[in-house]
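Welcome, and please take a moment to look at the chain before reading on. We will go through it one part at a time.

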Amino acid sequence: MRKHLTLILTLSTLILVFYFVPKADGQGKSIDHKLKKIPVFDISAEAGDPCDASVPIGFGETINGSLTAADCQLKDNSYADFYTFEGVAGRQVTIDFSSAEFDTYLALTTISGSFTWEDDDGGPGTNSRIIANLPETGTYVIAANSLLPNTFGNYSVTLNDTTPCSFTLDPISQTVPSTGGSFSFQVTANDQDCEWTATSFVPWTTTSSTGTGNGTVDYMVDPSDESNDRFGNIRVNNTVFSIRQEAIICTLSFNPPSASFPAEGGIGSFNVTTQPTCSWSATGGVGTSSSSSGTGNGTVDYSVSNNSGDARSIAVFVTVQTNTTNFPITQAGLNCSYSTSDSEIYVGPFETTGVLRVITQPGCNWNAVSNSGFIPIGVTSGNGSGDIPYTVETNPNSTERSGAIQISQVPSVWVTQGGTSFRIPFDFDGDSRTDISIFRPAPAEWWYLRSSDGGNGAFQFGSTNNRLTPADFTGDGKTDVAFWRENTGEWFVLRSEDSSFYSFPFGTTGDIPAPGDYDGDGKADPAVFRPSTADWFISRSSDGGVDILTFGTSGDLPVIADYDRDGKSDIAVFRESLGEWWIIKSQSQSVYAVQFGAPGDIPAPQDFSGDDADDVAFFRPTTGEWFVLRSENQSFFSFPFGQDGDIPVAGDYDRDGIADAAVFRPSENTWYLSRSNDGFQAVTFGIAGDIPVPSGFVR
């Protein structure tokens, strides 16, 4: 049954407004104070009126009363008595309102009217009960009312403080030493009538403390023989006090206290003495290994490795708790010395194999590892001198890359590899440097000075009137000795990898050979320029097909190079009479033309600016000057290097990715190199009548 009760009650100067909505489950419900604006009926009370009367009630007190027609009458014709008490915020109160003569109805409100509770049958039978947590400190009003109108009879009202006991501990935890001892902590109760008992939940802690209200808990902690901290607690009723007892301090001693070993190493053991509950583990260090462990006394087994160096002091490490103690070992040494056959290795962009030799005394151990995936090695360790086979895989990138073979006690041997599109001209030994080289027409001999190791290479291949066409026809990153025989149109190639040769016809009398990598597959393609018709004939190495196109005019000189940095040779001509360059850029198939030079200039296109694109460039014999048109921004620079009568032999002689100005002086058989990274160098190589290979054909 629902009942609306609105009451304006004047208690001296106090006006209270009740708005009650009883629930079937008998539980009180807080009603927002604004609901007072929904009036059912009002009672205006004056002094002396029963609606202006209230009786104080104390906690733990029961008041017996009765509802009569002389009590405060409400608009629903029910009657009510009023009781007041002083409440404290946070406390819990229980109000019981019972009668054997009528169905009770109970209400509670704050003095401000902002919180209201109500109940019909929350107690036994039709009796009422309110259990409330007080929201504020101040005066509270109890309304003892009947559910039905004109209902009278005896009743009782009981007020109790039913706040649950709670306890605060100070401190809430404690760390005690491994030796144990007597300790205490303080208990603060929220009610001085609250009883408590302290109980230990671990066997190594005892207490018999009890109390009412505030008090002290005294407890005892037994000494610990544990090697790790242990944890327990004491409970004061349901409040937990935590205890951490520190572990005992474990000690270690060794027998024997130390050891000595020869250079060859060996195995050994020593005894460990410690407390029975202390767990320990042994590990090796530099030159030692061990995996022993135990609790209490025990034995450590260990091994000592071969010592290739000087006498040394090493150790086995035994750890207990967080402390580590060294078992010292002295070991003699073999005093090994190490070196390698190469201190650095330079290779071209394509796959290369080689052998790196480690040189040392017998019995001296070494380990090897490659720090780069593109340099797999075949041997990773050895004793005494030994060989390390290695492979340098093809570089798929256009830029240079480096890696190292690392050998114990030897500085890393660095391997530097040129990029795939960065092909060094006239590099006969594959170290990414242009090699000083000549062709001796009379005996048809080829001579070159290996930049990799300073040695000489020589081959007899061809005849006096052959046109020189050295290039990398086999794709192994090395320039092959090659020539074109004009009277038969045949090409002859001496393979750099095994010195075998092959030949094939391509071209005819009057053609100018112009080999280059036109299809970008890493191999030079045979090609000729036919001045009489300005036709180009290119035999593609990638698929065996032939390209034929017309570009240029009679009298043009082929000047093939990679002008657009796409890894392919571009068809290009130099029109000497006008000083004009005409280029078909392979990347875009667009035609580029520029006037740069004059009659008598010798074209020498290479990458002088180091941007991986070849620059339009020439040498002016009359003044000994070089002129370079930068590919990156079309600006130019010039500089003197050489004199009249010199032959230009530009190339990358110092392997820095930048072409170097260089000349061969026939009168002295001397090469003059202006290296962009390593500076000036003069080298005598050749005899009278020799032809410098880098100028053997117009590139």
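Let us start with a pair of strands: β20 (residues 230-236) runs antiparallel to β21, and 7 bridges join the two. Within this pairing, G232 has I243 of β21 as its bridge partner. The two strands make a hairpin with 2 residues between them, and in that turn N237 has a positive phi of about 55 degrees. Please keep in mind that everything here is read from a predicted model.

Strand β21 (residues 239-245) has another neighbour: 4 bridges join it to β14 (residues 173-176), and here the strands run parallel. I243 turns up again, since Q174 stands opposite I243 in β21. Just ahead of β14, in the loop that follows β13 (167-170), you will find P171. The peptide bond that leads from D170 to P171 is cis, with omega near -5 degrees.

Now step back to the whole chain. Its domain assignment lists domain 1 (50-161), domain 2 (167-245), domain 3 (252-331), domain 4 (338-417) and domain 5 (437-695). Taken over C-alpha atoms, the centres of domain 3 and domain 5 are separated by 68 Å. Another long distance links single residues: Q643 and T380 are 263 residues apart in sequence, and their C-alpha atoms are 54 Å apart in space. Q643 sits in the loop between β57 (636-640) and β58 (647-648), where it counts as partly exposed because its relative accessibility is 38%.

What does the largest nonpolar core look like? This core has 21 residues, and F85 and L108 have the most contacts inside it. Several strands supply at least two residues each, including β4 (61-67), β6 (79-87) and β8 (104-110). A second core, separate from this one, has 20 residues, among them C364, W366, Y390 and V413.

Next, turn to an open sheet of 4 strands, which are arranged in the order β22-β24-β28-β26 with antiparallel pairing. β22 (253-255) and β26 (288-289) are the edge strands, each pairing on one side only. Inside the sheet, 7 bridges join β24 (residues 266-273) to β28 (residues 298-304), and S269 has D301 in β28 as its bridge partner. The loop between β22 and β23 (259-261) holds P256, and the peptide bond from N255 to P256 is cis, with omega near 0 degrees.

Where does the largest pocket lie? Domain 4 (338-417) and domain 5 (437-695) both contribute to its lining, so the pocket lies between them. It offers about 410 Å³ of space. Of the 22 lining residues, D342, E344, I345, Y346 and S452 lie nearest the centre. β32 (344-347) and β33 (352-359) are the elements that give two or more residues to the lining. By type, the lining has 5 nonpolar, 8 polar and 9 charged residues.

Finally, look at two backbone details. Most residues other than glycine have a negative phi. N335, however, has a positive phi near 55 degrees; this residue lies in the loop between β30 (323-331) and β31 (339-340). A534 also has a positive phi, near 60 degrees, and is found in the loop between β47 (527-530) and β48 (535-539). Are these residues buried or exposed? N335 is partly exposed because its relative accessible area is 45%, whereas A534 counts as buried because its relative accessibility is 4%.

Notes: Residues are numbered from 1 along each chain as its sequence is written. This is a predicted model: local features need pLDDT of at least 70, side-chain atom pairs count only at pLDDT 80 or more; totals for chains, interfaces and linings use all residues. Side-chain values use heavy atoms; hydrogens and water are left out. A nonpolar core is a set of buried Ala, Val, Leu, Ile, Met, Phe, Trp, Tyr and Cys residues joined through side-chain atoms within 4.5 Å. Buried means under 20% relative accessible area, exposed over 50%, partly exposed in between (1.4 Å probe, protein chains only). On a 1 Å grid over the protein atoms alone, a cavity is a set of points where a 1.4 Å probe fits but cannot get out, and a pocket is an open set with protein on both sides within 12 Å along at least five of seven lines; lining residues have an atom within 4 Å of a point. Grid points are joined across faces, edges and corners, and a volume is the space filled by probe spheres set on the points. Ala, Val, Leu, Ile, Met, Phe, Trp, Tyr, Cys and Pro count as nonpolar, Asp, Glu, Lys and Arg as charged, and the others, Gly among them, as polar. Domain bounds come from an automatic or database domain assignment. Two strands pair if DSSP finds at least two bridges between them.
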